[in-house]
Number of protein chains: 2
Amino acid sequence: MPAGFTSEDMKKLDEVVATRRRIKQGDMLFGNGDAFTSLYAIRTGFFKTCVSTEDGREQVTGFQMAGEIIGLDGIVTDHHSCNAVALEDAEVCVMPFAKVEDLSREFPLLQRHVHKIMSREIVRENSVMMLLGNMRAEERLAAFLLNLVQRLHARGFSQSELTLRMSREEIGSYLGMKLETVSRAFSKFSDEGIIEVKQRYVHILKPDALKKIFNPQTCI
Amino acid sequence: MPAGFTSEDMKKLDEVVATRRRIKQGDMLFGNGDAFTSLYAIRTGFFKTCVSTEDGREQVTGFQMAGEIIGLDGIVTDHHSCNAVALEDAEVCVMPFAKVEDLSREFPLLQRHVHKIMSREIVRENSVMMLLGNMRAEERLAAFLLNLVQRLHARGFSQSELTLRMSREEIGSYLGMKLETVSRAFSKFSDEGIIEVKQRYVHILKPDALKKIFNPQTCI
DNA sequence: ATCATCATTTGATATGAATCAAGATGTTTT
DNA sequence: AAAACATCTTGATTCATATCAAATGATGAT
């Protein structure tokens with residue numbers, strides 16, 4: 001939440017995030033077809049969002065961590081069009097969207113904030129399209145790992161070590177490749193001494209080498 | 001614009017779309033890095049939006065037609081992160097975003113409308129991710145054609161005939177495949193009598209066959 | 001009208017990732 | 001602790017699409 005509010009403002013704003021909800025690992029926060037009522041701000045834990053076709057194919061559309069907002073997909077039709085599943089025990093703030101809209105009209109800073117969150121999601125999805133449309137398996141995985149540590153680092157975690165919350169299959173679904181291909185790319189990076197992998201633990205030894213794989217141009 | 005406004009309201013709302021701008025075929029409405037000031041409502045013409053990497057790879061992120069809004073990518077950083085190029089001579093309404101926000105606070109219906117537009121774009125990109133991550137070349141092209149005619153039909157055009165505004169290469173970029181593969185998929189559909197193609201003119205002879213390719217389950 | 005340029009189609013071949021399959025490692029249950 | 005199950009790794013093979021190449025068809029310029 002941005003700065004620039006009086007304590008009286010804050011009291012009103014706090015109201016919108018008054019309700020909390022705990023979600024156990026593997027449980028759904030909301031699912032495709034559910035009525036949309038609220039946005040959710042992740043307080044703790046880790047989520048994936050995914051869409052699926054009638055014939056059962058699933059596409060992970062994102063991984064979300066503390067501080068990020070999920071549920072924006074529900075606004076347009078008043079129903080969610082994806083599933084949000086907790087990849088570890090989680091807690092979210094339930095933000096009734098009607099309240100968010102009411103307060104947005106009262107507080108321009110909040111209004112701007114909401115717009116930026118939605119725009120950020122659009123821009124993120126644009127870059128995932130670039131990933132899926134133009135890049136090869138190893139480039140995708142490099143980009144994925146760099147993005148994850150960067151976000152974790154912004155939250156005070158290490159910029160070189162991380163524990164993946166998702167399976168190889170979920171990574172593959174997000175990156176448009178099969179789990180075997182994900183595994184092979186991990187092994188290749190490991191063989192080359194770029195990372196150290198032990199199941200879901202990953203240690204990035206040569207971040208620049210990863211960046212070079214992701215984008216050969218920027219690191220000549 | 002949704003209904004439910006008095007004529008006095010409408011006068012205020014008209015103000016936001018007072019400015020128009022013409023863009024010639026091939027010209028950019030806005031480009032990556034440009035300062036963000038406005039959203040654009042397409043009045044006439046046809047656009048593509050695309051992102052590109054430093055090493056020159058380009059990904060078309062969408063094709064937009066009359067009645068659709070472009071520029072949402074610029075909100076989050078105050079700078080655009082993609083290029084919007086006119087694929088035919090076009091005219092847009094320039095909607096200064098500051099004005100949109102001001103009026104959104106005054107008119108809840110407008111506020112809701114803006115939120116829905118952004119949410120719709122997020123949901124659209126989710127389904128493009130599904131396309132790119134999970135589907136094969138012919139499924140992608142079938143989905144693309146069905147989506148295009150459906151949008152054109154909603155605007156009063158034929159639901160079976162269309163003239164593509166984009167090249168095979170641009171279609172390929174959007175769908176994550178090479179122009180030769182796009183061409184072969186067109187030829188295959190044509191050989192099977194599903195469509196008739198002559199350069200950029202496409203006549204859909206068997207829409208159900210296309211739907212079946214796109215999603216084998218729904219049309220048993 | 002002719003030439004030059006660009007877009008599209010089609011064929012032959014190469015290649016990256018999928019698929020199939022088995023084994024290894026790790027986790028949970030009994 | 002052993003058994004059952006899920007996840008991950010690795011190898012062999014197949015397949016869809018990319019790449020390379022050439023011909024055809026459209027479009028614009030002189």
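**Protein and DNA contacts in a two-chain model**

Reader: How far does a polar side-chain atom of A:Arg184 lie from a base oxygen of DNA strand C?

Author: The pair is a polar contact, that is, two N or O atoms within 3.5 Å; within protein, one must be able to donate a hydrogen and the other to accept it, and residues adjacent in sequence count only if both atoms are side-chain atoms. The side chain of A:Arg184 supplies the polar atom, and a base of DNA strand C supplies the oxygen, at a distance of 2.9 Å.

Reader: At what pLDDT do side-chain atom pairs count, and how are the chains lettered?

Author: Residues are numbered from 1 along each chain as its sequence is written, side-chain values use heavy atoms without hydrogens and water, and chains are lettered from A, with ligands numbered from 1, in the order in which they are written. The model is predicted: totals for chains, interfaces and linings use all residues, local features need pLDDT of at least 70, and side-chain atom pairs count only at pLDDT 80 or more.

Reader: Which residues come nearest to DNA strand C?

Author: A residue is near a strand if one of its heavy atoms lies within 4 Å of it. By that rule 19 residues are around DNA strand C, and sugar and phosphate account for 68% of the strand atoms that come within 4 Å of the protein. The nearest residues are A:Ala137, A:Thr181, A:Lys198, B:Arg168 and B:Ser187.

Reader: How far from a phosphate oxygen of DNA strand C is an N or O atom in the side chain of B:Ser187?

Author: Chain B also reaches a base of this strand, for a polar side-chain atom of B:Arg184 lies 2.9 Å from a base nitrogen. With B:Ser187 the partner is a phosphate oxygen, and the distance is 2.5 Å.

Reader: Which helix gives the largest share of the surface near DNA strand C?

Author: Helices (DSSP runs of H or I, at least four residues) and strands (runs of E, at least two) are numbered from the N terminus. Helix α6 (179-191) of chain A and helix α6 (179-191) of chain B each supply at least two residues of this surface. The largest share, 5 residues, comes from α6(B).

Reader: How many of the residues near DNA strand D are charged?

Author: Ala, Val, Leu, Ile, Met, Phe, Trp, Tyr, Cys and Pro count as nonpolar, Asp, Glu, Lys and Arg as charged, and the others, Gly among them, as polar. Around DNA strand D there are 19 residues, and α6(A) gives the most to this surface, with 5 residues. The residues divide into 3 nonpolar and 7 polar, while the charged ones number 9.

Reader: How far from a phosphate oxygen of DNA strand D is the side chain of B:Lys198?

Author: Both chains approach phosphate oxygens of this strand: a polar side-chain atom of A:Arg168 lies 2.7 Å from one, and a polar backbone atom of B:Ala137 is also 2.7 Å from one. For an N or O atom in the side chain of B:Lys198, the distance is 3.0 Å.

Reader: Is A:Arg151, which meets A:Glu68 in a salt bridge, buried or exposed?

Author: In a salt bridge a side-chain nitrogen of Lys or Arg is within 4 Å of a carboxyl oxygen of Asp or Glu, and A:Arg151 and A:Glu68 meet at 2.9 Å, N to O. The pair links helix α4 (residues 137-154) with the loop between β4 (58-65) and β5 (69-70) of chain A, 83 residues apart. Relative accessible area (1.4 Å probe, protein chains only) under 20% means buried, over 50% exposed, and in between partly exposed. Because its value is 15%, A:Arg151 counts as buried.

Reader: How many residues apart are A:Glu88 and A:Arg165?

Author: These two form a salt bridge, the closest N and O atoms being 3.2 Å apart. A:Glu88 is in strand β6 (residues 83-96) of chain A and A:Arg165 in the loop between β7 (161-163) and α5 (168-175), a separation in residues of 77.

Reader: By what turn can chain B be laid on chain A?

Author: Copies are superposed by least squares on the C-alpha atoms of residues with pLDDT of at least 70 in both. The RMSD is 0.0 Å and the shift along the axis 0.0 Å, which is the relation of a two-fold axis. The turn is 180°.

Reader: What is the phi of A:Gln199?

Author: Most residues other than glycine have a negative phi. A:Gln199 is in the loop between β8 (195-198) and β9 (201-204) of chain A, and is exposed at 64% relative accessible area. Its phi is positive, near 55°.
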